[in-house]
Structures are given as C-alpha cells and as structure tokens.
Amino acid sequence: MTETKNLRDQIRDWAEKSIETYKSVLVKTNSKHDFIASQSQLHKVTESPEIIIIIGKNPGHDAEFTDNKEFLDRFLKGNDTWDGRNNKRKIDGRWQYWQNIKTYLLPTFTKDLLEDDNKRILTNATFFCSSSPAKLPPCAYKETIECTLNLVDVLKPSKNVVICMGASDYFRLFKDKFGFTEYHDEYSSEGLFYGIRNGVKYIGMPHPSGWHSKLENLLIKKFVEFSFKLNSFEEVKSGLEPYLKSFFVFEKGKKEIYDIVVERISKQFSGNQDAKSNSKPNSSVKFVFENFELCIILNDYDKRLIGLRHGPFWDKNYVSPLVENHIELAKYISDKGYKSNKWWTAYKHFEDYLGDSTSEIADNIVRDLDVMIKLL
C-alpha cells in the first residue's frame, strides 16, 4: 500500500521538479538571469493556506542559482529578506507596495489572515529575477508560470482563491494551456480579470506599486470582493456596475472638468483686485489673497487636486492652521470632507466630488470654491 505523502513532502517534490524546469530554461535560452524561490517560507508550511497571492510577474532583486543540494533548502526557505520585509509597522519602505496590497484586500480578507505566514502564501508568476519583466526571454514565463500553478495545485487554498497582481497579461496569454474552465477579461483595460481553474478562482488586479486614484482603488477593492463572495461572473458584473459608471464618468471627463472649473473661476476673479492670478496652460491656476496669504490652487487635471493653503506660499513646508476669524471656513471644509497635511490647510481630489456627469462634478467643485472664497 502506497503511503500518502504529507504536505511538506509534496512541497519538496514540487520544489525539486520546479528547479529542474528552471535549469532547463536557463540552458535553452543561454540566459544570464538567475532564479530565486517563492516569497513565502514554504519550508514552514504544514497545512493548506487559506489564500495564495501572486504578488507580481517576477522578483526584481538579485539572485544566484547554484546547482547543488543546498540550493533546494534555500529555495524552500523563500525570500531571504522576508522576515524583515513582511512586517506590520511599515519599517521597510522599499516594500511599501506589500502594505498597499493589504489595503486592496481588506475588508474582503481579514488583517490577521493577510499577515499570517501560515494562512496565506505569497509567490510570483515566475521566479526568474530581473529589474524588469521585459528583460526576461518570453519562454521564461511560458515555461515557468506552470510551476507556480502547480504550487497552487499542491497547496489547495481552503478559500479556493488566488489573487494575481500585475500578472494578468501572462495568464491571459496562456489560459488555454493551463486549463481555465472560465476566463473573463472584459475589464482588462483596468487590469482586472476573473478565471476558474481546478475549482479555484483566480482574481486579477493591477500591480499595487502603481498610483491609482480613489475611484480606481474602490473599483479594484469591489472587484476583488465581489469576485470572491459571489457565485458567478454575471453577479460580479451586476454588482460592479455602479462603481464602473462613476469611474468612467470621471476618467473620461477629467480634462473637461478641469477646463470648466478653471474657466469659471478665472472669470469670477477677473474683476477682483484683492486676488492675483498665476496660470499656465494645462498646468495650474493660483489665486493668492494677500491679506491672508491664503491660496486656492487648482492643480492640473492629472493631479486632480484642489488645495487651500494658509501660510507663506513660498514656503511649501509650512502650513499654519486657520485663525480664529476663519471659524466658519474651518467648519465648512470639515463638513465637506476636506483633508489636511503639512502642505495643505485643506485639500480634496476631483474624484472625491460626486456627480453623474462631468458638468455636475464641475458644478459641485465650483460651488465649494465659491463658498470658500466668500468665507475668506
């Protein structure tokens, strides 16, 4: 009677086969790129994790392959900087994007799950190292992504979900080869995809190292949440519809919103001798009130920010709070959801103004500015 291997033995068998696959690709491509293990410490795994997260296309840091028995142990130990980088206090800024991952996946998954090496596994689409995925030979992905998928098959996540970040292009290319029984990428322009393979959901989302607007972040979060919790892709599409509407209204109309606001505010200030206007095409419009050293700035539409500043404008590292005779203004900006930081007494991004059309969003922005100007 054949004895069933425990999970650690299965993982070790997987590692041995994967190393042989990577070695064959190195020979075939005459590649100078070495490879390194998965991110998480697989040698500690004793039971199936709840979820698996593919955190990107490949590790970007250095690696060194040595064809000996010791390398297998190193391979199973994962990223040798893992303990220092997977922390709760954001000590290592170089891996801030792992902290971003947590914000995308909460509250769909608990913080305890996301921070527990025993409950979730982090890995890459391929373990070949390169500063840029584009520098790797195409077959490096085609022939080694299967090793990552085989790891999923071995670990069998109990929540039946794999989160794929920034690797959706490669899964899309090879979906037929790897046996996806369902595959939906109609939101591929937003970096989102949905697939089912061996009963496990693969949820694709953009790589978290890039900047995303508030609406984009909300769209990503809701896509992950609905894809995990709902039973079919049709249900996911239905749930996502209102979020997509807000996103597309703003993304398609952000330049129009900016132009409307700039034109209307510029006209409003044309006869005001107390304000100085400084504007550049497609850049920003600044109105400086000398009596208060208070500025209203409409940044360019790529930054999409309205900022209210109290303090010397030339000193961008100094912002003073609103003084006592601005109590009404302080209350207004608080009630309207403006935030503050060391640069701004109050600020708000364009996408934080609600509206079902570009003109309605612009109207709401101008209305806010008009009130703030009068309260100065």
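# Reading a six-stranded sheet and its surroundings

Modeller: Let us start with one pair of strands in this predicted model: strand S3, residues 161-165, and strand S6, residues 200-205, run parallel to each other and are joined by five bridges. Within that pair, isoleucine 163 faces isoleucine 203 of S6.

Biologist: What is the order of the strands in the sheet that holds this pair?

Modeller: The sheet is an open one of six strands, arranged as S2-S1-S3-S6-S5-S4, and its pairing is mixed. Strand S2 (120-123) and strand S4 (180-184) form the edges, since each of them pairs on one side only. Ignoring direction, neighbouring strands of this sheet are turned against each other by 15 degrees on average.

Biologist: Which of the other pairs run parallel, and which run antiparallel?

Modeller: Strand S1 (residues 51-54) runs parallel to S2, with four bridges between them, and here isoleucine 53 sits opposite leucine 122 of S2. By contrast, S4 and S5 are antiparallel and share four bridges, with glutamate 182 having isoleucine 196 in S5 as its bridge partner. S5 and S6 are antiparallel as well, over five bridges, and arginine 197 stands opposite valine 200 in S6.

Biologist: How should I read the side chains along a strand, and which residues of S5 lie on each side?

Modeller: The general idea is that side chains in a regular strand alternate between the two faces of the sheet. In S5, Phe193, Gly195 and Arg197 lie on one side, while Tyr194 and Ile196 lie on the other, and all of these are buried, so that both faces are covered. The edge strand S2 can be read in the same manner: Arg120 and Leu122 point one way, Ile121 and Thr123 point the other way, and all are buried.

Biologist: Which helix lies across S3, S5 and S6, and at what angle does it run to S6?

Modeller: That is helix H9, residues 214-229, which lies across S3, strand S5 (193-197) and S6 and runs at about 175 degrees to S6. For the wider setting, the chain contains 12 helices and 11 strands, and 49% of its 376 residues are buried. Among contacts with a separation of 6 or more, 68% are between residues 24 or more positions apart.

Biologist: Where does the backbone take a positive phi or a cis peptide bond?

Modeller: As background, most residues other than glycine have a negative phi, and most peptide bonds are trans. Asparagine 198, in the loop between S5 and S6, has a positive phi near 50 degrees; the hairpin of these two strands has two residues between them. Asparagine 160, in the loop between H7 and S3, has a positive phi near 55 degrees. As for the peptide bond, the one from leucine 106 to proline 107 is cis, with omega near 5 degrees, and proline 107 belongs to the loop between helix H4 (96-105) and helix H5 (111-114).

Biologist: Why is asparagine 198 called exposed, but asparagine 160 partly exposed?

Modeller: The labels follow from cut-offs, because exposed means over 50% relative accessible area, buried means under 20%, and partly exposed lies in between. Asparagine 198 is at 54% and therefore counts as exposed, whereas asparagine 160, at 38%, is partly exposed.

Biologist: Is threonine 144 buried or exposed, and what does its side chain contact?

Modeller: Threonine 144 has a relative accessible area of 0%, so this residue is buried, although its place is in the loop between helix H6 (138-142) and helix H7 (145-155). Its side chain makes a polar contact of 2.7 Å with the side chain of threonine 126. Beyond residues up to four places away in sequence, threonine 144 touches several others, including Thr21, Tyr22, Val25 and Phe128.

Biologist: Which residues does lysine 177 contact, leaving aside its neighbours within four places in sequence?

Modeller: Those contacts are with Lys142 and Glu146. Lysine 177 is in the loop between helix H8 (168-173) and S4, and its 49% relative accessibility makes it partly exposed. The C-alpha atoms of lysine 177 and lysine 142 are 9.7 Å apart in space, with their positions 35 residues apart in sequence.

Biologist: Finally, how many disulfides does a search of the whole structure find?

Modeller: The search finds zero disulfides. Among the cysteines, cysteine 147 is buried at 5% relative accessibility, and cysteine 164 is buried at 0%.

Key: Residues are numbered from 1 along each chain as its sequence is written. This is a predicted model: local features need pLDDT of at least 70, side-chain atom pairs count only at pLDDT 80 or more; totals for chains, interfaces and linings use all residues. Side-chain values use heavy atoms; hydrogens and water are left out. Buried means under 20% relative accessible area, exposed over 50%, partly exposed in between (1.4 Å probe, protein chains only). A polar contact is a pair of N or O atoms within 3.5 Å; within protein, one must be able to donate a hydrogen and the other to accept it, and residues adjacent in sequence count only if both atoms are side-chain atoms. Contact means heavy atoms within 4.5 Å. A disulfide is a pair of cysteine sulfur atoms within 2.5 Å. Two strands pair if DSSP finds at least two bridges between them. Axes are lines fitted to C-alpha atoms, for helices over the stretch in contact, and angles run from 0 to 180 degrees between N-to-C directions.
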